[in-house]
Every structure is written in C-alpha cells, then in structure tokens.
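Q: Please take a close look at one part of this structure, the packing of its interior. Which residues and elements take part, and how are they arranged?

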Amino acid sequence: MAAHAQAVNDLPCRGQPLSVDTLTARTGASVPAGLDDWVRAEPGNPTALAVRGGVEVIRAWEIRGGFVARQTQEQRLRDFITVLGQAEGYCRAAAQADPRDPAPWAYLLQMARGQQVGTDEVLRRRDELEARAPQHFTSQLHAAIALGPMWGGSADLAVDHIRKWLTSAPADSTLPALFFVVQFQRFLREGRGFARDAEVRADGHRAAEQLPARPCATPDEFLAHNYAAAWFSLTREPGAANGHFKLLGGNATEYPWTFLGDRPLATFRGKRQSALLRLPF
C-alpha cells in the first residue's frame, strides 16, 4: 500500500503538502505523537482534520495487513473497519471545513474499497475528487482498484468507467495509465495468461500512446510510466517497455513492481536491462 498511499499525499491542502507518509513512516499502526493534540487545539482546522484522517487511512491498512480477507484474523478485520470509520469522520469534517480542498476526497477514495461502499459511492467520491483535483492519477487509481476484480468488481466494469473518464482528459494526461492499474489487478487474480489476448494488448498500446512522451517530472508521471513499463514487461514486449524506462530515468516506484517480484527495485533494474538489450522477459 505504501506507494499508492504516498501518491495521495502530494495533493495540496490549503497550500501545504500533506506529509502523512512522513508522519506514519516510523509509527506504523500507532498515531504519531502530538497529532491528536493539534486536532484538539484547532478542532476546525481543515489541514489538521485532513492529516488526521489520512493517518487513520494508513493506520487502517497497517492494521489489516496485506493478506486476502480469508487469511486475515477476524479481529484485524474488525479493527480495520473501525479505524476506516474514524478516518471517514475526520475526512468528512475536513471536507466540510474547506469544501475546496481535494485531500479529504482523495483519502475517502483511498478507503472506499476497504469500506466496500459499492460502485455508486466509489464513483461519487471520484467525481468529488475530480472536481477539485482534475486528472490526479495517483489518487484516481484507487477508484480503478475499487471497481476492479480484486475488490468485488471486474476488469470490464473498471475499464468501462476509465474510458468515460478519458473522454474529458486533456492531451498528455496520465489517466490512461489507469488501464494498467486494472490489468495488474486482473493479473493478481488470474495470472499472466489473459495478457496474451490481442484486444487487451492493443488496449495497452493505445493507453501508452496517450501518456506524456517526455521525461518524467511529477509523481503522477513517474507512477504512470512505471505502470506502463511494468505492463509491457508482463506482456513480454521489451521494445515497448524500453520507451517508458527511458522516460523514468532510473526512478522506480514500489508499485507495480512488487507485483512482479519480492524485490521491486531489483525487478525494475532487471526488466529495464532486458528492455534496453531487447532481451526476452
């Protein structure tokens, strides 16, 4: 979860960055010291409320762990839902305190799949985020995941909605990389076999062609091109992957490489070298 969560924290909150990952990096499932004091001292401060809500989201996933539900202790699942409920309360209060701020909606979207809120509510939260932070790939990927096959939806459902979102996307948007996010969820559920399908591969190339064709400079661009490079590594197309590796300039994100190996950075480096030499993956 770390890399996906970190992306949300690049959103502005009243002109200040939300450094939730920094706060939770050493505290894990515990509340960082002094944070509750800040919220109590300034109960109507939207930044304090949004940060507190974001911390609860990270804490909830730390408590739950990375295993599927059937392999997770019931107490962990109960605590997970409880903490997500607390996170929602803080984020709703933050959104009310500053209706312009996208950060609460980013966190509400990030927690949606854990809350199993259903398709309509996922889409509503995504639309609220889009209204405040248009084209923010690293937050909107949580909508794609929530609609996808790992969380009760399907790849077809998620891709259908992504296509609708892309109709209003400007040139050089990173949102086309949402296609790769969904397909990696499908990979986790089904394995590699579907990636040989001609239509799926063609959709991947169309998505890649719409991404910014310049060296990466923003968190959205780095994550989007990491997803594209990893996808073409999965489909064993080194030539296509190489173009995205070049734009990344050696910068790897934890996800999606962790889906392809236990050591994400080593996997990234190995696939990049194979792509450079046009070697089979």
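A: Two residues or elements are taken to be in contact when heavy atoms lie within 4.5 Å of each other. In this predicted model, that criterion identifies what lies over the buried face of helix α5: the cover includes α4 (46–64) and α6 (103–115). The buried residues beneath are F80, V83, L84, A87, C91, A94 and A95 of α5. Helix α5 itself spans residues 74–97, 24 residues in total, and extends 35 Å from its first C-alpha to its last, close to the 34 Å expected at 1.5 Å a residue.

A second instance of helix packing involves α10 (residues 178–190) and α11 (residues 198–209), whose axes are 10 Å apart and form an angle of about 145 degrees. On the α10 side, F179, F180, Q183 and R186 take part, and they meet V200, D203, G204, A207 and A208 of α11. Sorted by class, this contact comprises five nonpolar, two polar and two charged residues.

F180, which takes part in the contact with α11, is also one of the residues that touch the most other members of the largest nonpolar core. That core has 67 residues, and F137, L178, F184, Y227, W231 and F245 share this distinction with F180. Helix α12 (residues 219–234) supplies the largest share of the core, nine residues. F184 shows the surroundings of one such member: with neighbours within four places in sequence set aside, F184 is in contact with Y227, A230, W231, L234, P256, F259 and L260. A second core, separate from this one, consists of five residues, among them V39, A48, L49 and A50.

Note on methods: Residues numbered from 1 in each chain as written. Predicted model: local features only at pLDDT ≥ 70, side-chain atom pairs only at ≥ 80, totals over all residues. Heavy atoms only, no water. Axes fitted to C-alpha atoms, helices over the stretch in contact; angles between N-to-C directions. Helix = DSSP H or I, 4+ residues; strand = E, 2+ residues; numbered from the N terminus. Nonpolar A, V, L, I, M, F, W, Y, C, P; charged D, E, K, R; others polar. Core = buried A, V, L, I, M, F, W, Y, C linked by side-chain atoms within 4.5 Å. Buried < 20%, exposed > 50% of the residue type's maximum accessible area, 1.4 Å probe, protein only. Expected span 1.5 Å × (residues − 1).
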